[in-house]
Structure formats: structure tokens, C-alpha cells
Amino acid sequence: VFPSSHIKVRAEEYLNKADAVFDVLRSVTIRGILPEMARMDEDAIRSLHPTNSVVAIGRLAEELVSGHENTIYPCGEGTPFFELTNHEGIIIGLGVDVDHLSFVHSVEDVMKEAFPLKTRCDKVYECKVIDRERNVRIIKTLVASNKTGNRNVKKFMKNHVSGDICKRFTFKGVPFFTADAKKLFDRMVILAKEGKTIYNWK
């Protein structure tokens, strides 16, 4: 599974454009060369979410990505991000540190109002999406609050998450990490209930 978002600006800026269209087969991802290679694989299946799409390859690909478009919460239940917790998912950061770990937002979207901070805007946006069968669909989604940029995932992991859950290291000066999706999710839920989050605002 690879992140495959195609937008270079904040989600609301993209969704406010009258000509915004996400083509699941043709919209190039901005997430790097490996996700783009995965997207172009003939066996790849890409989710239909207009701002947080993912690409999956393998026997669980369809199961992981199907239904991503059916929830307004991009990383919540029913999305590939949360589904990683149900399949013993191991997340790997290649050449990036945990500040690029989109999975951390799954906790917010699953807990919703129980999360100690409001991380999603109230407005529900709509976007045109061209699916694999070339049908045009309207997909609804929420976007992140502009406050969510004020966060420190590295500090959060260092202070609150043990190495057996999320291991960070460097090799020849290049950052890498691995994380156990289920263990990290469960740990972040416990911390959120204690008022401890990745964010620097209240």
C-alpha cells in the first residue's frame, strides 16, 4: 500500500477549484517515485478518495481500498489507513521521518468528537472523481483544520511511543522508520484520552 495523493496545495484550496477533477487512473501522485511506480503497475488498485487516495497491490488490494470514497473522514474507519490495523500492517518510511506519517490522522478520524482537539473543518466538500470504469462520480470529504500544521510528530513519538511500536533511525544521514499500525493506533488512542496528541495547540 502506498500513499498516492495528487494535490500539491491544501485540500480546501484544491477542492474549491471549479475544475478540480481526480482521475483515479491518470492523476499523477506527488508522493514520490515509488508510489508513482506502484500507481502505474498493471495490478495496482487505487482508492477513489479525492485528497487522500492510496494505491494497493496484492491479494488484499481490493479489500483495502474499496469503500474509501464512502466516508467523509479521509483516514477513519472504512479507509485503507484504518484497515492497516486489521491486517497486521507494518508502515515503512523510506528516506522520510515520522513527520510524513499520514497514518497518525487515523486516530483523529476514528475518535471524532472524542479526540481532544477538533482537527477537521465542518464544511463537507464535493469533488468530481473519474473512477476505473471512467464514470464521473461526486465524492464528499472533510478537510483538515488549518491549525493541524502546528504539530510535532517527531517529539510526540520520542516522548510517548516506544521503539517496539515505532522505530526511527538514520542510515548515512538519511531518515527511516517502521511502525506497527495496530500498536501505534492503540497507543495513540490511550494518549489522546490523556490529552496528549501530536499537536501544539489547544
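What follows is a walk through two sheets, a helix pair, a pocket and a cavity in this predicted model.

Take the mixed sheet to begin with. Three strands make up this open sheet, in the order S2-S6-S7, and their pairing is mixed. The edges belong to S2 and S7, each of which has a single partner strand, so one side of each is left without a neighbour in the sheet. From one strand to the next, the twist averages 35 degrees.

The mixed character shows up in the individual pairings. Strand S2, covering residues 21-23, pairs with strand S6, residues 125-130, in the parallel sense, and three bridges link the two. Within that pairing, Val-21 has Lys-128 as its bridge partner in S6, while Phe-22 stands opposite Val-129. On the S7 side, S6 and strand S7 (residues 136-141) run antiparallel and are joined by six bridges. Here Ile-130 sits opposite Val-136 of S7. The hairpin of S6 and S7 has five residues between the strands, and in this hairpin Arg-134 adopts a positive phi near 70 degrees.

Ile-138 gives a residue-level view of this hairpin. The residue belongs to strand S7. Leaving aside residues up to four places away in sequence, Ile-138 touches Glu-126, Cys-127 and Lys-128. Although Ile-138 and Lys-128 are ten residues apart along the chain, their C-alpha atoms are separated by 4.8 Å. Lys-128 therefore turns up twice in this part of the model, as the bridge partner of Val-21 and as a contact of Ile-138.The other sheet is built with antiparallel pairing throughout its stated order, S5-S9-S8, and is an open sheet of three strands. Strand S5 (90-94) and S8 are the edge strands, each pairing on one side only. The twist averages 10 degrees from one strand to the next. H7 packs on this sheet, where the helix touches S5 and S9, and the direction of H7 makes about 80 degrees with that of S9.

Within this sheet, strand S8 (residues 166-171) and strand S9 (residues 174-180) run antiparallel, with six bridges joining them. Two of the bridge pairs can be picked out: Lys-167 is partnered by Thr-178 in S9, and Thr-170 by Pro-175, also in S9. The hairpin of S8 and S9 has two residues between the strands, and Lys-172 takes a positive phi near 55 degrees there.

Now for the helices. Two packed helices are described by the angle between their axes and the distance between the axes. For helix H6 (residues 153-160) and helix H7 (residues 181-193), that angle is about 90 degrees, and the axes lie 12 Å apart. H6 and H7 are therefore roughly perpendicular to each other. On the H6 side, the contact is made by Phe-156, Met-157 and His-160; on the H7 side, by Leu-184, Arg-187, Met-188 and Leu-191. Sorted by class, this contact comprises five nonpolar residues, one polar and one charged.

Some of those helix residues come up again around the enclosed space. The structure holds one cavity of 30 Å³ or more, and the largest cavity has a volume of about 40 Å³. Phe-156 and Met-188 are part of the lining of this cavity, along with Glu-108, Phe-115, Ala-192, Lys-196, Thr-197, Ile-198 and Tyr-199. The lining divides into six nonpolar residues, one polar and two charged. Phe-156 of H6 and Met-188 of H7 are also among the residues through which the two helices meet.

Last up is an open feature, the second largest pocket. About 230 Å³ of space lies in this pocket. Its lining is made of 13 residues, and those nearest the centre are Tyr-73, Lys-112, Glu-113, Lys-118 and Arg-120. By class, the lining of this pocket has seven charged residues, five nonpolar and one polar.

How values were computed:
Residues are numbered from 1 along each chain as its sequence is written. This is a predicted model: local features need pLDDT of at least 70, side-chain atom pairs count only at pLDDT 80 or more; totals for chains, interfaces and linings use all residues. Side-chain values use heavy atoms; hydrogens and water are left out. Axes are lines fitted to C-alpha atoms, for helices over the stretch in contact, and angles run from 0 to 180 degrees between N-to-C directions. Helices (H or I, at least four residues) and strands (E, at least two) are DSSP runs, numbered from the N terminus. Angles under 35 degrees count as roughly parallel, over 145 as roughly antiparallel, 65 to 115 as roughly perpendicular and the rest as oblique. Contact means heavy atoms within 4.5 Å. Ala, Val, Leu, Ile, Met, Phe, Trp, Tyr, Cys and Pro count as nonpolar, Asp, Glu, Lys and Arg as charged, and the others, Gly among them, as polar. Two strands pair if DSSP finds at least two bridges between them. On a 1 Å grid over the protein atoms alone, a cavity is a set of points where a 1.4 Å probe fits but cannot get out, and a pocket is an open set with protein on both sides within 12 Å along at least five of seven lines; lining residues have an atom within 4 Å of a point. Grid points are joined across faces, edges and corners, and a volume is the space filled by probe spheres set on the points.
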